[in-house]
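Here's a quick briefing to read alongside the model. Have the sequence and the structure open, and take the topics in whatever order suits you.

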Amino acid sequence: MRKILSIAVTFIGLVGYAFAQKPTPPPPTPPPPPPLVVQCPTIAIAGPTGVFAAGETMRYSARVDMREQPLSIEYKWTVNPAVTFAGQGGPEIEFERPASGRNNVTVSLEVLGLPQHCPRNASETASWTPAPVASRLDQFLGPLTKIPDLRIKRITNSLRGNPTSQLFVVLEYPTDATEAAAKQKGQLIASLLKTAGIVDTRITYALGKTTRERVQFWLVPAGAEFPKIEK
């Protein structure tokens with residue numbers, strides 16, 4: 001009996017020792033740090049303002065606020081309608097205002113090297129009033145003495161209706177022998193216009209040796225170029 005009791009006590013002691021030696025569970029793993037929030041840079045284009053004449057230089061600059069982030073960026077510019085410009089790849093471009101075509105230009109910028117979720121495009125559009133151009137009022141192929149007075153009156157009325165415009169008279173002659181005759185036509189036209197009350201300061205005459213004998217009358221608004229004499 002004593003032997004059995006001793007065995008039982010020993011067993012209970014071993015069980016207690018086993019429970020006493022149970023390993024302590026490891027501490028819980030701390031949560032990962034929150035992801036770094038990347039603020040997207042702001043993108044804008046600074047363009048010219050005001051009225052620009054054809055051929056005048058237009059400059060556009062990129063305005064990219066990096067928000068103190070060490071990002072390596074590149075600039076990709078596009079101009080529509082397409083023109084030749086300087087500065088591709090840099091923060092500023094420049095080009096000459098087109099002399100003809102559309103009356104506006106759109107400059108677009110794409111900033112490369114930004115985080116994938118960030119906007120990367122901006123654009124700016126400039127518009128201008130079309131340049132004035134000369135318009136042909138009339139042309140005469142025959143002798144000026146046979147021109148109806150009504151046609152001369154239409155020319156003078158157009159000039160009076162546009163007080164800032166000039167009258168450009170082109171006297172064309174085909175040979176050296178006809179140059180004198182062209183000059184005589186110019187004198188006759190000057191006399192007709194003077195009689196109609198048009199002062200000489202508003203009239204410009206041009207002689208041109210071409211393949212025909214002809215007189216052309218052009219109305220040239222202020223700021224427009226005089227037409228070229230056709231060969």
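**Briefing: helix, cores and pairs**

Lys-183 and Glu-179 sit four residues apart in helix H3, so about one helical turn separates them. Keep in mind that this is a predicted model. A search of the whole structure turns up seven salt bridges, and there are three aromatic pairs. The largest nonpolar core has 22 residues, and a second, separate core has 18.

**Helix H3**

- The side chains of Lys-183 and Glu-179 meet in a salt bridge, at 3.7 Å from N to O.
- Lys-183 is partly exposed at 45% relative accessibility, and Glu-179 is partly exposed too, at 24%.
- H3 runs over residues 179–195, which makes 17 residues. From its first C-alpha to its last it reaches 25 Å, close to the 24 Å expected at 1.5 Å a residue.
- Which residues of H3 are buried? They are Ala-182, Lys-185, Gly-186, Ile-189 and Leu-193. These buried residues cover an arc of only 105° around the axis, which means they lie on the same side of H3.
- Turn to the other side of H3 and you'll find Gln-184, Gln-187, Lys-194 and Thr-195 exposed.
- The cover over the buried residues of H3 includes helix H2 (149–160) along with strands S8 (166–173), S9 (203–209) and S10 (214–220).
- Just after H3 comes Gly-197, with a positive phi of about 90°.

**The two nonpolar cores**

- In soluble globular proteins, nonpolar side chains tend to be buried together.
- In the 22-residue core, the residues with the most contacts inside it are Met-58, Tyr-60, Trp-77, Phe-95, Val-105 and Leu-109.
- Which strands each supply at least two residues of this core? They are S1 (42–46), S2 (57–65), S3 (74–80), S4 (92–96), S5 (104–112) and S6 (121–127). S5 gives the most, with four residues.
- Leu-109 is a handy residue to click on: leaving aside residues up to four places away in sequence, it touches Ile-43, Ile-45, Ala-62, Tyr-75, Lys-76, Trp-77, Arg-120, Asn-121 and Ala-122.
- The second core, separate from that one, has 18 residues, including Phe-140, Val-169, Ile-198 and Val-215.

**Salt bridges beyond H3**

- Arg-151 forms a salt bridge with Asp-138, and their closest N and O atoms are 2.7 Å apart. Arg-151 lies in helix H2 and Asp-138 in strand S7 (residues 135–140), so the pair ties together parts that are 13 residues apart in sequence.
- Are the partners buried or partly exposed? Arg-151 is partly exposed, with a relative accessible area of 27%. Asp-138 comes out at 18% relative accessibility, so it counts as buried, the cut-off for buried being under 20%.
- Arg-214 and Glu-172 also pair through their side chains, in a salt bridge of 2.9 Å from N to O. This one links distant parts of the chain, with Arg-214 in strand S10, Glu-172 in strand S8, and their positions 42 residues apart. Both Arg-214 and Glu-172 are buried.
- Glu-172 and Arg-214 belong to a network of salt bridges that also takes in Arg-212.

**Aromatic pairs**

- A pair of aromatic rings is described by the distance of the centres and the angle of the planes.
- Among the three aromatic pairs, Tyr-60 and Phe-95 are stacked, at 5.9 Å centre to centre with 5° between the planes. The pair links distant parts of the chain, Tyr-60 being in strand S2 and Phe-95 in strand S4, 35 residues apart. Both Tyr-60 and Phe-95 are buried.
- Why is the pair of Phe-168 and Phe-226 tilted? Their ring centres are 4.8 Å apart and their planes are at 40°, so the pair is tilted.
- Phe-168 is in strand S8 and Phe-226 in the segment after S10, 58 residues apart, so to speak of distant parts of the chain being linked fits here as well.
- Phe-168 counts as buried at 6% relative accessibility, whereas Phe-226 is partly exposed, with a relative accessible area of 40%.

Conventions. Residues are numbered from 1 along each chain as its sequence is written. This is a predicted model: local features need pLDDT of at least 70, side-chain atom pairs count only at pLDDT 80 or more; totals for chains, interfaces and linings use all residues. Side-chain values use heavy atoms; hydrogens and water are left out. The expected span of a helix is 1.5 Å times one less than its number of residues. Buried means under 20% relative accessible area, exposed over 50%, partly exposed in between (1.4 Å probe, protein chains only). The arc is that of the directions from the helix axis to the C-beta atoms. Contact means heavy atoms within 4.5 Å. A nonpolar core is a set of buried Ala, Val, Leu, Ile, Met, Phe, Trp, Tyr and Cys residues joined through side-chain atoms within 4.5 Å. A salt bridge is a side-chain nitrogen of Lys or Arg within 4 Å of a carboxyl oxygen of Asp or Glu. Rings of Phe, Tyr and Trp (its six-membered ring) pair if their centres lie within 6.5 Å; planes under 30 degrees apart count as stacked, over 60 as edge-to-face and the rest as tilted.
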